[in-house]
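Dear colleague,

Please find the structure below, handed over for your study. A summary of what was found in it follows.

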Amino acid sequence: MREDTDVVILGAGIAGTILAAVLARGGVKVEVLDAGRHPRFAIGESTIPHTSTLFRLIAERYDVPEIKYLATFHGARANVSANHGIKRGFNFHWHEPGKRQDPELAHQLPIPSIMHTETHFLRADLDHWVMRVAEKYGAVVRQGVRVTGVDLGESGVTVTTETGVTRARFIVDASGFRSVLASTLDLRDKPCRFRHHSRSMFTHMEGVVPWERVAASNPGPVRGSQSTLHHIFDGGWIWVIPFNNHPRAGSKLVSVGMTVDPRKHPRRDVPAGLEFAEFIEQYPDIRDQFSTARPVRDWVATDRLQYSSSRTTGHRWALAMHAAGFLDPLFSRGLSFTMDWINAFAWRLLDALKEDDFSVERFEPVERLTRELLDYNDGLVANAFTSFGSFELWDAWVRIWALGEQLALFECNRSYALFRATRDPAVLKRLEDVAPHGSLPDIPEVRRFFAWAYAQAGAVGDGVRPAREVAAELLTGMAESNFSPPEFGIVDPANRFFTATPRRIPGVLRWAAREAPEEIGRNLTQAIKLFAAIRLHPEEFSVAEEVKQVLARVPGLGRALR
């Protein structure tokens, strides 16, 4: 069989084009096919520190330095688009129908800028830019091309489009829910295997009132308008992701969406925008936040969001993360999972192409990674939705989530810093091994604790145990676990703001040296010290841009910067 290219990638979203850039940089002939055209609307806009470290890692490991711009808000704003928003933390506000939001029923996880500066990506700008990076390294991107068939042969792949035929050695489907490969190979689980059920409606808006102007008070150090804002209620949540939340913003837009359990909130036979407006009338503060808001594009409404696949890799083919399955945008893990997948998949495909060996066994670790990342997130999100009906249980579950994020970040930061120092890919094996478990460190007592916590919350969802009783047990279990520095406040029931400020770092390091379980303490110490050593490196952080951002807030002086 004569190949026209080495790899065909279906889908020119961020997964397909970052993979294309990595492969092309490695000398591979890549062709990307997409039925649509850039720039275009997309959801999945919020990063977390884990995502940003993975951007850094992929940039270093595969020698695509442009990807590192995505690791900080300042780098993305300076080099990608001025239309991105800044993210200084996560804010969660729990609501009851007919009542003003009680500031005591809120949580906040600030993101310490000394280590990470997160971003609200305007995906139309981001995805278009990443596509251009892939083209810069030699990938051929064909937009407006609809795939009509895929034939997987023993010696190669044939992709048929409306305009012709492309032959390749391997095919990756990164086209999401409407995956051509999933349809061709009948890969979708029927029914979907996930416990979690949700449907969604979303758009971009202008005129959304900043939360701190609406709420009776704005507890915690991070303003609602500079966070990924979550309004929590029984059966679902609303996201508010602003792109207009800093002095140098080039956009007036705010991403808005609502995700609900259709078993509690069935879809109504009305336009999505009307359903959203009528729904938020139950919640006075949410209603006031959107009192002057107007959509700038049509609302998108979905049926059940969740889908899963029986397999995600095979001889000469693979499904990228969002072609393999999807859960829910809660906790902003979508981009992280995509980067976990690219990090684990790309080097294996590069080796397979060099050796002309596309055996199923070679990609079996990626199969496991994809399946278990989705299954782990299913438990996380399904239990969160269960907890939304009881503030006591939600108060416990959001701490379980924050503790898991903290432990995963220590692991990821440590691995990246070690790789940057040694350039030895072997140090990344551990990171790949822990990714299927939510990147929790491979420590038996940690894994046992989280498995126990997931089971207890799941029992509430199954109607077997009462929420208040389980909430108390979860809080007690966390307090006794000794997995988290007391300075962060995650395991303190009286504290709802999980803050890791620079002045607390010495106390954290003392805890790691004297009180923490040995491996957790070592992970934390290495993560902080190794990562802090690169904080001022110009390839890692745009310090000049950070200074400009601060000066832009100064009246008069900052006008030119604004």
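Ring pairs join Phe 90, Phe 92, Phe 331, Phe 385, Phe 388, Trp 394 and Trp 401 into a cluster. Here, rings of Phe, Tyr and Trp (its six-membered ring) pair if their centres lie within 6.5 Å, and planes under 30 degrees apart count as stacked, over 60 as edge-to-face and the rest as tilted.

Please note that this is a predicted model, in which local features need pLDDT of at least 70 and side-chain atom pairs count only at pLDDT 80 or more, while totals for chains, interfaces and linings use all residues. Residues are numbered from 1 along each chain as its sequence is written, and side-chain values use heavy atoms, leaving out hydrogens and water.

The whole structure holds 30 aromatic pairs. In one of them, Phe 92 and Trp 394 meet edge-to-face, with 5.5 Å centre to centre and 65° between the planes. Phe 92 lies in strand S4 (residues 89-94) and Trp 394 in helix H11 (residues 391-422), so this pair ties together parts that are 302 residues apart in sequence. Helices (H or I, at least four residues) and strands (E, at least two) are DSSP runs, numbered from the N terminus. Both Phe 92 and Trp 394 are buried, meaning under 20% relative accessible area, with exposed over 50% and partly exposed in between (1.4 Å probe, protein chains only).

Phe 276 and Trp 299 form a tilted pair, at 5.0 Å centre to centre and 40° between the planes. Phe 276 counts as buried because its relative accessibility is 3%; Trp 299 counts as buried at 19%.

Yours sincerely
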